[in-house]
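Trainee: I have the sequence and the model open in front of me. Please walk me through them, and let me ask as we go.

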Amino acid sequence: MSAAELSLPPRPRVWPRIAVIAGVVAVITVLTTLPTLGGVDIDLHAIARNWGNGAERIAKLFHPDFSILPRTWKPLLETLEMALIGTGIAAALAVPLTLWAARPSNPLVGSRRVVRLVLNVVRAVPDLVYATILVAMIGVGTLPGIITLVLFDLGIVVKLVSEAVDSADASYMEAGRAAGGTQAQINRLTTLPQIWPMFGSQVLYSLELNVRVSAILGIVGAGGLGRLIDEVRGFYRYDALGTIILEILVVVIVIEVISNALRKRLR
Amino acid sequence: MTAPAISFRVPPRPSRVVVQIASIAVGILLVAAFWNLGIAWEKLATLPSRLGHYGALMFADPNWSKLPEALYQTWRSVAMAWVGALLGVVVSTVLGIPAAAGVGPWWLRLPLRGLFAVLRAIPEIIIAIIILTVTGLTPFTGALALAIGGIGTHGKWTYETIESVSHGTAEAVKACGGNVLEVARWGLWTVASPELMSLALYRFEINVRTSAILGLIGVGGIGDMLTGYTQYRQWDTVGVLIIVVIVITMSIDAISGAIRRRIMEGATVRDVDRSV
């Protein structure tokens with residue numbers, strides 16, 4: 001063996017690129033933390049100063065007042081029902097929209113672009129903004145909450161599933177086409193069976209998110225537990241807030257465990 | 001020689017009893033929820049006309065004089081999102097690496113995973129409500145809430161990423177006698193860092209959306225303006241705010257998405273017609 005073969009390869013010169021990236025991150029960080037530019041004023045003194053009055057309330061949070069529990073059952077049920085209905089409607093709407101938005105199932109470029117653009121815009125608006133505006137339009141209640149959840153879910157489910165269809169195995173669809181099927185027949189018999197597991201798993205995931213989101217929608221008047229959260233916050237009942245948070249925590253974790261188990265079976 | 005007879009019969013359909021029972025159960029649950037909730041459906045009938053009416057109020061003649069203020073407030077939201085992402089990512093990386101199987105011992109892994117699960121379950125806005133008792137109604141509160149709320153999901157992503165990368169280099173470092181820190185730095189970080197960087201950028205994207213709603217409780221930013229003008233029903237200004245939110249969110253997603261693709265796929269791969 002010659003000596004040349006044993007020498008180490010030259011080290012790649014990565015430091016200039018790392019320096020540039022670090023520099024950009026540092027510049028953005030400085031810009032975003034300058035109070036004169038409207039950035040975030042990292043005020044550690046405030047934490048040191050107000051720690052006392054904050055600690056008192058946080059301590060109350062950790063001593064939950066369970067006497068509020070009976071009052072939470074009805075809003076909690078409302079939250080769960082809203083989440084379920086929202087997911088159900090979104091799931092039903094997502095099937096045709098997904099087929100519409102994916103390349104193999106919709107060969108028409110124009111309509112595909114329209115659906116994708118609309119869904120991108122729908123996704124760009126945060127959930128609580130929908131809720132705020134819908135409450136102002138049609139009044140308080142669970143209806144604006146449900147519409148919000150449907151919009152929110154459609155954005156996620158259709159995007160993820162239609163991307164999966166795009167990268168799915170196209171040979172089945174080609175077989176369908178070779179056999180002389182119409183696009184609708186191909187979608188029904190070759191595309192849909194391929195995406196059901198993925199679709200089910202995404203819908204379960206959005207149910208999980210919905211429980212979390214619908215718990216706070218009530219803060220703006222869209223029904224569910226959020227209204228109670230807003231109320232106890234208004235009265236500085238942090239011990240009651242602690243109970244409600246604990247309750248949300250238990251419900252979310254239970255749903256997460258169930259949906260994880262179901263999703264494992266779907267795969 | 002005769003060819004063996006080929007059966008052209010269709011194979012028997014697999015049993016679908018479980019699926020059928022499950023769909024019936026889901027159906028009953030849905031109907032029960034509809035029944036029990038008592039939704040004011042009559043409002044739904046008026047929704048299209050209302051949407052048209054308010055849509056015209058919002059977008060027919062937007063009040064562009066509020067644009068500078070809207071842009072300034074959006075900048076504050078984005079600043080909140082950035083600082084929150086930076087703090088959150090640093091903490092979740094430090095906590096997430098030891099939480100990965102094969103890196104930290106079980107007595108460290110389990111409590112860390114529990115912490116992530118608990119933080120994941122609490123909505124950011126509730127975390128902000130708790131923090132504002134200490135820091136007051138400032139963007140700093142928003143940034144802290146985003147950081148702490150982000151640790152829940154980001155910590156989970158971090159340990160899952162590290163568990164899913166190839167462990168060959170880590171074993172090589174271990175075989176050379178590296179300790180836990182050396183394995184993490186030279187064995188795992190080098191392999192997992194592109195994906196972790198991409199996730200960090202994604203965290204920023206998510207934070208931009210969330211920061212737009214944190215203003216609801218008064219910590220500042222575009223959410224503050226949105227609630228205010230919606231409450232006073234100044235729809236022409238609300239229209240401007242919605243346009244600003246949509247444009248900024250979509251541009252940040254597009255830029256960060258392009259950078260993420262570059263990190264994951266390298267410089268030579270050009271964007272292969274993904275938008276269609």
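Trainee: How many salt bridges does a search of the whole structure find over all chains?
Mentor: A word on the ground rules: this is a predicted model, in which local features need pLDDT of at least 70, side-chain atom pairs count only at pLDDT 80 or more, and totals for chains, interfaces and linings use all residues, while side-chain values use heavy atoms, with hydrogens and water left out. Residues are numbered from 1 along each chain as its sequence is written, chains are lettered from A and ligands numbered from 1 in the order in which they are written. A salt bridge here is a side-chain nitrogen of Lys or Arg within 4 Å of a carboxyl oxygen of Asp or Glu. Searched that way over all chains, the whole structure gives 14.

Trainee: How many residues apart in sequence are the parts that D65(A) and R237(A) tie together?
Mentor: The closest N and O atoms of this salt bridge are 2.7 Å apart. D65(A) sits in the loop between helix 3 and helix 4 (69–101) of chain A and R237(A) in the loop between helix 10 (225–234) and helix 11 (238–266), so the pair ties together parts separated by 172 residues. Helices (H or I, at least four residues) are DSSP runs, numbered from the N terminus, as are strands (E, at least two). The separation you asked for is 172 residues.

Trainee: Is E256(A) buried or exposed?
Mentor: Buried means under 20% relative accessible area, exposed over 50%, and partly exposed in between, with a 1.4 Å probe and protein chains only. E256(A) has a relative accessibility of 12%. By that rule E256(A) is buried.

Trainee: Which residue of chain A forms a salt bridge with E256(A) at 3.9 Å?
Mentor: The partner sits 44 residues from E256(A), in helix 9 (residues 183–217), whereas E256(A) is in helix 11 of chain A. The partner is buried too, with a relative accessible area of 13%. The residue is R212(A).

Trainee: And which residue of chain B meets the side chain of E256(A) in a salt bridge?
Mentor: Between chain A and chain B the count is 1 salt bridge, and its N to O distance is 3.1 Å. The pair also belongs to a network of salt bridges that includes E208(A), R212(A) and R263(A). The chain B member is R120(B).

Trainee: Which helix gives the largest share of the side of chain A that touches chain B?
Mentor: Contact means heavy atoms within 4.5 Å, and it takes 69 residues from chain A and 61 residues from chain B. Across the interface there are 7 residue pairs in polar contact, both at pLDDT 80 or more; such a contact is a pair of N or O atoms within 3.5 Å, where within protein one must be able to donate a hydrogen and the other to accept it, and residues adjacent in sequence count only if both atoms are side-chain atoms. The largest share on the chain A side, 10 residues, comes from residues 44–61, which form helix 3.

Trainee: How much of the area that chain A and chain B bury is on carbon and sulfur atoms?
Mentor: Buried area is the accessible area (1.4 Å probe) that two parts lose on being put together, summed over both. The two chains bury about 5,700 Å² between them. In chain A, V40(A), M137(A) and L143(A) lose the most area to chain B, together 11% of what that side buries. The carbon and sulfur portion of the total is 76%.

Trainee: About how much helix separates R233(A) and D230(A)?
Mentor: Their side chains meet in a salt bridge of 3.8 Å, N to O. R233(A), at 21% relative accessibility, counts as partly exposed, and so does D230(A) at 31%. Because they are 3 residues apart in helix 10 of chain A, the separation is about one helical turn.

Trainee: Where does T161(B) lie?
Mentor: At 5% relative accessibility, T161(B) counts as buried. Not counting residues up to four places away in sequence, T161(B) touches A192(B), E195(B), L196(B) and L199(B). T161(B) is in residues 139–164 of chain B, helix 6.
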